[in-house]
Amino acid sequence: MGGHPSPVRARSAAALLLAGAVLGCSSGGSGDGDPGAGAAEAQPSAVSCPTGIPASVACLGGRDRRGAHYLIAIPDPWNGALILHAHGGPSLDPPTAQRPADDLSRWAVMVKAGYAWAGSSFRQGGVEVRAAAEDTENLRRLFNDHVATPTHTLLHGQSWGAGVAAVAAETFTADTLGSVPYDGVLLTSGVLAGGTRSYDFRLDLRVVYQALCHNHPLPDEPAYPLNIGLPVGDGLSRAELRARTADCLGLDRPPAQRSVEQQRRVATLEAVIRIPESSIQSHLEWGTFHFRDIVSQRTAGASPFGNIGAVYQGSDDDPALNAAVARYKASPLAVQRFANDSDPGGRIPVPVLTTRWIDDPTAFVELDAYFRDTLEAGGSGDHLVQTFTRNGSHGYISDVTYVALTAALLDWIRLGTAPTPRGIAERCATLQPRFAGTCSFDSDYIPPALDTRVAPRSRP
């Protein structure tokens with residue numbers, strides 16, 4: 001990133017803006033490779049920090065020229081490093097200022113540990129990775145132009161945002177921008193196999209659910225290919241979909257209150273799709289409403305999802321199930337368009353550190369094996385260190401876990417030596433007296449291949 005000034009102590013929003021005028025105004029200027037070359041962002045305004053953020057933290061916010069809301073937080077004292085956050089989801093609703101506020105509240109440990117933090121709502125709802133990556137990069141430039149020049153900039157992607165961060169890290173580099181924008185990348189609970197591979201199991205869930213339940217769509221509703229999610233204009237609501245799953249599976253009640261047939265269907269879905277009953281509803285909704293967004297808004301009406309050749313296993317009668325499920329062929333053009341937007345290419349030129357709860361039911365641990373293979377194929381395998389935890393959740397593992405990972409990533413950047421999973425686990429233990437939560441790293445864990453979790457299939 002060029003020269004690194006001394007860390008700025010953030011005493012007030014006004015002081016931050018003055019510091020930005022002195023330290024950082026030329027570092028992120030527009031030029032070749034700038035997603036908004038030639039356009040200047042307005043100066044951020046002082047805003048109230050979300051509840052739970054220490055009083056010593058100064059917050060700035062605004063809305064960029066593309067319509068993305070953003071929030072910046074700098075603690076006092078500031079250690080000089082910036083964490084640029086790419087959030088998960090994505091939401092299909094229009095962006096609001098509440099999104100980055102909620103993200104800062106969730107990741108408050110970062111400012112408590114002394115890091116500046118900046119997060120964007122992204123300019124739009126929907127499953128569009130590169131636009132979100134551009135919005136993230138735009139926020140980095142805005143911070144440099146109007147606030148201060150960080151000593152180091154770390155790009156943090158969570159869940160779907162990890163895919164955004166991976167794409168941003170290989171799109172915006174010293175080669176494309178003329179200077180190093182991101183010194184390191186932290187990916188947590190990431191959707192890291194790209195859109196063309198990460199969501200196959202949601203089509204599997206749709207077709208197996210329909211073979212069992214016959215109510216999505218209902219027999220008296222117009223039929224449509226399930227791999228489009230839902231036709232444009234279909235008014236099915238999330239509440240109505242939940243009513244249908246309640247009728248078929250009894251997900252709205254404890255197992256003891258379900259019929260024998262309802263519980264049999266739930267058990268079949270758990271065994272065949274390999275997800276717990278607690279995540280059936282959410283994945284079914286993503287495979288409905290997010291698939292519609294992808295097909296109608298991103299891939300010109302054709303579906304990038306198919307299940308030709310997939311063999312479903314784990315039911316009471318696998319031959320009957322495989323004969324009953326609907327089969328769909330992915331559109332080659334749709335696959336290419338979706339890949340161009342969402343699939344990492346494996347060419348990240350800076351250190352990448354990942355972590356995931358091994359039993360994550362939302363973004364499977366096997367996605368990390370696919371990501372490792374992607375980086376190795378792209379020539380960046382030596383830039384990757386992966387870690388795994390035995391405890392946690394998809395949305396959050398523990399404060400001390402993230403502090404340990406961030407500190408290890410910074411040491412890797414500064415010293416040039418990659419950390420080991422065991423060394424990160426040991427660092428986590430030393431930080432436990434200062435930060436909440438447990439350390440549960442499994443230093444020896446190696447994730448299985450994605451094809452061992454999700455049925456392989458023919459691809460265009």
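These legends describe three close-up views of a predicted model.

**View 1. Helix α9, residues 238–249.** Helix α9 has 12 residues, which at 1.5 Å a residue should span 16 Å; the C-alpha atoms at its ends are 16 Å apart, so the two values agree. Its buried residues are Leu241, Arg244, Thr245, Ala246, Cys248 and Leu249. The cover over these buried residues includes α8 (200–213), α10 (260–273) and α11 (280–298). After α9 comes Gly250, which has a positive phi, near 70°.

**View 2. The largest pocket and its lining.** The space in this pocket is about 320 Å³. It is lined by 19 residues, and Gly89, Ser159, Trp286, Thr362 and His394 are the closest to its centre. At least two lining residues come from each of α2 (98–106) and α11. The largest share belongs to α11, which supplies four residues. By class, the lining of the largest pocket holds eight nonpolar, eight polar and three charged residues.

**View 3. The second largest pocket and its lining.** The volume here is about 220 Å³. Among the 15 residues that line the second largest pocket, those closest to its centre are Val272, Val311, Arg453, Val454 and Ala455. Two or more lining residues come from each of α8 and α10. With three residues, α10 gives the largest share of this lining. The lining of the second largest pocket divides into nine nonpolar, two polar and four charged residues. Helices α8 and α10 also appear in View 1, where they are part of what covers the buried residues of α9.

Methods. Residues numbered from 1 in each chain as written. Predicted model: local features only at pLDDT ≥ 70, side-chain atom pairs only at ≥ 80, totals over all residues. Heavy atoms only, no water. Expected span 1.5 Å × (residues − 1). Buried < 20%, exposed > 50% of the residue type's maximum accessible area, 1.4 Å probe, protein only. Contact = heavy atoms within 4.5 Å. 1 Å grid on protein atoms, 1.4 Å probe; cavity = no way out; pocket = protein on both sides within 12 Å on 5 of 7 lines; lining within 4 Å. Points joined across faces, edges and corners; volume = space filled by probe spheres on them. Nonpolar A, V, L, I, M, F, W, Y, C, P; charged D, E, K, R; others polar.
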